[in-house]
Amino acid sequence: MEKIASLSRKITQNIGLIIIVFSVIAYFLPDYFSWMTNYTTIFLALAMFGMGTSIDGDSFKEILKNPKEVMIGSLAQFTIMPLIAYLLALVFGLNKDIALGVILVGSCPGGTASNVITHIAKGDVSLSVSMTILSTLLAPIVTPLLVYLLAGKWVEVSILAMFKSVVTVIL
């Protein structure tokens, strides 16, 4: 058990370097990594599990007692990001299709990568994970609404498929 704990500590300490090395390898040798796209949900679930192991229960208890930061962060995510995306589309004069894509990405919830970056930066991982959970649960309703308001296009979202994905990744 001590060997596993030691390996876990080494991976955690060097996760930034590991990500950079594998990103460079994948850039130059994409065929070696393309098979992974079929298992994205599983990899995201593993990353969330890894983030979860770095959090103690007391951190989540504190967030549940005072959820203000999670709510403020989620509100900021669903206001600041979409508005910046909209402004970028205007400033750069993007054609309608590209602008729609930029606004769609800006209106989507944070993901597992934000939790990993928070972990690397030695930030508040429990807050990041909590914000990811809340924004992901709100996304089936909020994301299409934001895209409609900012881009004038309705984006169909399968709430059932998204819920299944959320449950798989988060829980």
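Which residues are buried in helix H5 (residues 68-77)? Keep that in mind while we meet the chain as a whole; the reply comes in the section on H5.

## Meeting the model

This is a predicted model, in which local features need pLDDT of at least 70 and side-chain atom pairs count only at pLDDT 80 or more, while totals for chains, interfaces and linings use all residues. Residues are numbered from 1 along each chain as its sequence is written, and side-chain values use heavy atoms, with hydrogens and water left out.

The chain has 10 helices and 0 strands. Helices here are DSSP runs of H or I with at least four residues, strands are runs of E with at least two, and both are numbered from the N terminus. Along the principal axes, the C-alpha atoms fill a box of roughly 55 × 45 × 30 Å.

Of the 171 residues, 25% count as buried. Buried means under 20% relative accessible area, exposed means over 50%, and partly exposed lies in between (1.4 Å probe, protein chains only). Contacts, meaning heavy atoms within 4.5 Å, also tell us about the fold: among those between residues at least 6 apart in sequence, 71% join residues at least 24 apart.

## Helix H5 and its two sides

Back to the opening question: the buried residues of H5 are Val-70, Gly-73, Ser-74 and Gln-77. They sit on the same side of H5 because they cover an arc of only 95° around the axis. That arc is taken from the directions that run from the helix axis to the C-beta atoms. On the other side of H5 you can find the exposed residues Lys-68, Met-71, Ile-72 and Leu-75.

What covers the buried residues of H5? The cover includes helix H4 (57-65), helix H6 (80-91), helix H7 (96-106) and H9. Leu-134 lies in H9 and, leaving aside neighbours within four places in sequence, is in contact with Val-70, Met-71 and Ser-74. Leu-134 and Val-70 are 64 residues apart in sequence, but 7.8 Å apart in space from C-alpha to C-alpha. At 27% relative accessibility, Leu-134 itself counts as partly exposed.

## Helix H8 and the loop after it

Helix H8 (112-120) can be read in a similar way. Its buried residues are Thr-112, Asn-115, Val-116, Thr-118 and His-119. These cover an arc of only 160° around the axis, so they are on the same side of H8. Ala-113 and Ile-117 are exposed, on the face turned away from the buried side. Try looking at Thr-118: this residue is buried, with a relative accessible area of 19%. Not counting residues up to four places away in sequence, Thr-118 touches Gly-123, Asp-124, Val-125 and Ser-128.

Lys-122 is in the loop between H8 and H9. Its phi is near 60°, a positive value in a residue other than glycine. Most residues other than glycine have a negative phi. Is Lys-122 buried or exposed? At 74% relative accessibility, Lys-122 counts as exposed.

## The largest nonpolar core

A nonpolar core is a set of buried Ala, Val, Leu, Ile, Met, Phe, Trp, Tyr and Cys residues joined through side-chain atoms within 4.5 Å. The largest one has 6 residues: Met-48, Met-51, Ile-55, Val-116, Val-125 and Val-129. Helix H3 (40-53) and helix H9 (125-151) each supply at least two residues of this core. Ile-55 touches Phe-60, Val-125, Ser-126 and Val-129, again not counting residues up to four places away in sequence.

## The largest pocket

The largest pocket has a volume of about 1,100 Å³. A pocket is found on a 1 Å grid over the protein atoms alone, as an open set of points where a 1.4 Å probe fits, with protein on both sides within 12 Å along at least five of seven lines; lining residues have an atom within 4 Å of a point. Grid points are joined across faces, edges and corners, and the volume is the space filled by probe spheres set on the points.

The lining has 26 residues, with Ile-15, Ile-19, Phe-43, Ala-47 and Val-116 nearest the centre. Helix H1 (2-13), helix H2 (15-28), H3 and H8 each supply at least two lining residues, and the largest share, 9 residues, comes from H3. The lining divides into 16 nonpolar, 10 polar and no charged residues. In this grouping, Ala, Val, Leu, Ile, Met, Phe, Trp, Tyr, Cys and Pro count as nonpolar, Asp, Glu, Lys and Arg as charged, and the others, Gly among them, as polar.
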